Protein chains: 2
Amino acid sequence: MSVREKWRAAVVGLGNVGWGALDAIDTAPDMELVGVVVREHAVARVQKLLPPHLVVTTNINDLKPVDVAIVAVPSRSVAVVAKPILAQGICTVDSFDIHGRDLWRLRQQLDVAARNAGVVAISAAGWDPGTDSLLRAIFALQAPRGITYTNFGPGMSMGHTVAAKKIAGVRNAMALTLPLGYGRHQRLVYIELVPGYDFTTVEAAIKKDPYFSQDDTRVEVVDDVGQLLDTGHGVMLERRGTAGKTANQVFRYTSRITNPALTGQILVAAARATQRLSAGAYTMLEVPLAHFLPGDLQTIVEEFV
Amino acid sequence: MSVREKWRAAVVGLGNVGWGALDAIDTAPDMELVGVVVREHAVARVQKLLPPHLVVTTNINDLKPVDVAIVAVPSRSVAVVAKPILAQGICTVDSFDIHGRDLWRLRQQLDVAARNAGVVAISAAGWDPGTDSLLRAIFALQAPRGITYTNFGPGMSMGHTVAAKKIAGVRNAMALTLPLGYGRHQRLVYIELVPGYDFTTVEAAIKKDPYFSQDDTRVEVVDDVGQLLDTGHGVMLERRGTAGKTANQVFRYTSRITNPALTGQILVAAARATQRLSAGAYTMLEVPLAHFLPGDLQTIVEEFV
């Protein structure tokens, strides 16, 4: 690894997370950015924001050769965007943020596409799902009987914000997650209403969305969502459980983080891991942690173990 | 996995950690204990403490077939005990607790033995090194530039206690680790002195031992170490660092745990993982986290991710 060339990465989608990924590539010792893929209407605007030598295009084929594509698109678009990229023989990473059965289905779809093309996909490589999932697994392997509580926030949820923005009648939105303790949350959704839309109808549509239907959700109309923006976020994971036959084992993890920067950084760590795995699709739980870190194995083991 | 037979485990060495491993095997859904290997002088005593159907022996060959041996011996005996077990075609796990170059050397030695026999060894599968190492790796992949502090205790260090007990002139010992903050520690070593030994000489030998030479170490003579024993322990891992180009990312992990019970539990999780890996030696950083958990992959992904 120490004398290898850098891995060539492309970023697909340039929202908050995409910009975070650009920063993380730029500061990674073993990655280089070969270009950015955005939608037609964004090409000119994005090209002005990036150094002139960087290709901004609507088609990843313009960027070949690419080792790995960082797919920074809304969760519900990941499958449709990632599959054709995998089919071209390019690895993908994404931060798909829906838990449970939906994630498993995505993994299985990408697994077929990745194996057919002999490349690697890593899904749900954000902080939750993502690194928080790794913590929950470590908690459970240490104390297999017990309860883990995941408490998010306070902070702006990017996934929930994107979901709220997609509701008809919403011009702009910001979804805040407040922890109520023991894994319970309240969602505060601040929206700008498109003139002519009925608040009650829009509110009902937001509350019915799968992103919000499980939680106590409050919707409020404001003049300017921009005045409320802060991408700080965090989590508190807590488990009390039993190791062997011994009770009262207590584990707690807290983070205070900048949401797009952290997600972009984790995506880049996952991009590195794609270059060290055999063909197929993976969640972070299926990848040895050393694969996410730069450098050779001996150095990693001596530094971190 | 759901309808498979249980994996057959043996415990080699029956100190505090060995007993912890017995409890963890007994409560694991996919493990069964086939017997215990102890030294000659302990066979009769240990047999009385265990159910009569369990074989207590000095030789693991009396227990065949065994899928995995949990090697619960002092760190400095791990290589000499594990290598012949691997050579018999039995996987091993250990909680070798010396960091850095010594661990890498052990891993390389066991890697040869494991590959030659087509089996798996997992080393340093305790809580530090072990699960704390996993946390340090997750911290670093989230914020690659920054400093991680590992703060142990307050609590009794088993490795340091064993090391102190081996010093000539020490009849019994207990080593307590106190956190001083930002990764600095004080070691308090309570000893019973063998009559005729000089305290100053014994104290100097303890302070010179590699387990103690890095830290501020205080040695005190007491009448009965037994009155001080408490196997509660804990850690506080903390990192502040930069994700991409965004500073002020803060991560903290704390545990309050029972040392032998947790170590035994982690060894059993690692024993499970040996059955899911290709031949060779591994640290926990090199093993996908899902391998440590019971059950099939889909269930694990849907529950933890």
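**Contacts between and within two chains**

Q: Why does A:Asp26 count as exposed in this predicted model?
A: The relative accessibility of A:Asp26 is 55%. Exposed requires a value over 50%, so A:Asp26 counts as exposed.

Q: Why is B:Lys245 called partly exposed?
A: The relative accessible area of B:Lys245 is 47%. That class lies between buried, under 20%, and exposed, over 50%, so B:Lys245 is partly exposed.

Q: What makes the meeting of A:Asp26 and B:Lys245 a salt bridge?
A: The N to O distance between the two side chains is 2.6 Å. The rule asks for a Lys or Arg nitrogen within 4 Å of an Asp or Glu carboxyl oxygen; the pair of A:Asp26 and B:Lys245 therefore qualifies. The two residues also belong to a network of salt bridges that includes A:Asp23.

Q: How many salt bridges are there over all chains, and why does the pair of A:Asp26 and B:Lys245 join two chains?
A: The structure holds 30 salt bridges over all chains. A:Asp26 sits in helix H1 (residues 16-27) of chain A, whereas B:Lys245 sits in the loop between strands E12 (232-243) and E13 of chain B, so this pair joins two chains. Between chain B and chain A, the count is 6 salt bridges.

Q: What makes up the interface of chain B and chain A?
A: Each chain contributes to the contact, with 65 residues from chain B and 65 residues from chain A. The buried area is about 5,500 Å², and carbon and sulfur atoms give 65% of it. Across this interface, 32 residue pairs are in polar contact.

Q: Which elements give two or more residues to the side of chain B that touches chain A?
A: They are helices H1 (16-27), H4 (101-117), H5 (131-142), H8 (259-274) and H9 (297-304), together with strand E13 (246-258), of chain B. E13(B) gives the largest share, 13 residues. By residue class, this side of chain B divides into 37 nonpolar, 16 polar and 12 charged.

Q: How do you know that strand E13 of chain A and E13(B) pair?
A: There are 7 bridges between these strands, in the antiparallel sense. Pairing requires at least two bridges, so the two strands meet the rule. Within this arrangement, A:Arg256 stands opposite B:Val250.

Q: What makes the pair of A:Arg76 and A:Asp209 a salt bridge, and which parts does the pair tie together?
A: The N to O distance is 3.7 Å; the limit is 4 Å, so the pair counts. A:Arg76 lies in the loop between strand E4 (68-71) and helix H3 (78-87), and A:Asp209 in the loop between helix H7 (199-208) and strand E11 (216-221), so parts of chain A that are 133 residues apart in sequence are tied together.

Q: Buried or exposed: how is A:Asp209 classed?
A: A:Asp209 has a relative accessibility of 11%. This value is under 20%, so A:Asp209 counts as buried. Its partner A:Arg76, at 46%, counts as partly exposed.

Q: Why are A:Arg105 and A:Asp102 separated by about one helical turn?
A: Both residues lie in helix H4 (residues 101-117) of chain A and are 3 residues apart, which accounts for the separation. Their closest N and O atoms are 3.1 Å apart, in a salt bridge. A:Arg105 is partly exposed at 46%, and A:Asp102 is partly exposed at 35%.

Q: Why is A:Arg136 called buried?
A: The relative accessible area of A:Arg136 is 9%. The cut-off is under 20%, so A:Arg136 is buried. This arginine is found in helix H5 (residues 131-142) of chain A. Residues that A:Arg136 touches include A:His99, A:Asp128 and A:Leu237, as well as B:Phe304 and B:Val305.

Q: What makes A:Arg136 and B:Val305 a polar contact?
A: A polar atom of the A:Arg136 side chain lies 3.0 Å from the backbone oxygen of B:Val305. The limit is 3.5 Å, so the distance satisfies the rule.

Q: How do you know that both faces of strand E6 of chain B are covered?
A: B:Val120 and B:Ile122 on one side, and B:Ala121 and B:Ser123 on the other, are all buried. In a regular strand, side chains alternate between the two faces of the sheet. Strand E5 (residues 91-94) of chain B runs parallel to E6(B) and is joined to it by 2 bridges; B:Ile122 is the bridge partner of B:Val93.

Definitions and conventions. Residues numbered from 1 in each chain as written. Chains lettered and ligands numbered in written order. Predicted model: local features only at pLDDT ≥ 70, side-chain atom pairs only at ≥ 80, totals over all residues. Heavy atoms only, no water. Contact = heavy atoms within 4.5 Å. Buried area = accessible area lost by both parts, 1.4 Å probe. Polar contact = N/O pair within 3.5 Å; in protein donor to acceptor, adjacent residues only side chain to side chain. Helix = DSSP H or I, 4+ residues; strand = E, 2+ residues; numbered from the N terminus. Nonpolar A, V, L, I, M, F, W, Y, C, P; charged D, E, K, R; others polar. Buried < 20%, exposed > 50% of the residue type's maximum accessible area, 1.4 Å probe, protein only. Lists of a residue's contacts leave out its neighbours within four places in sequence.
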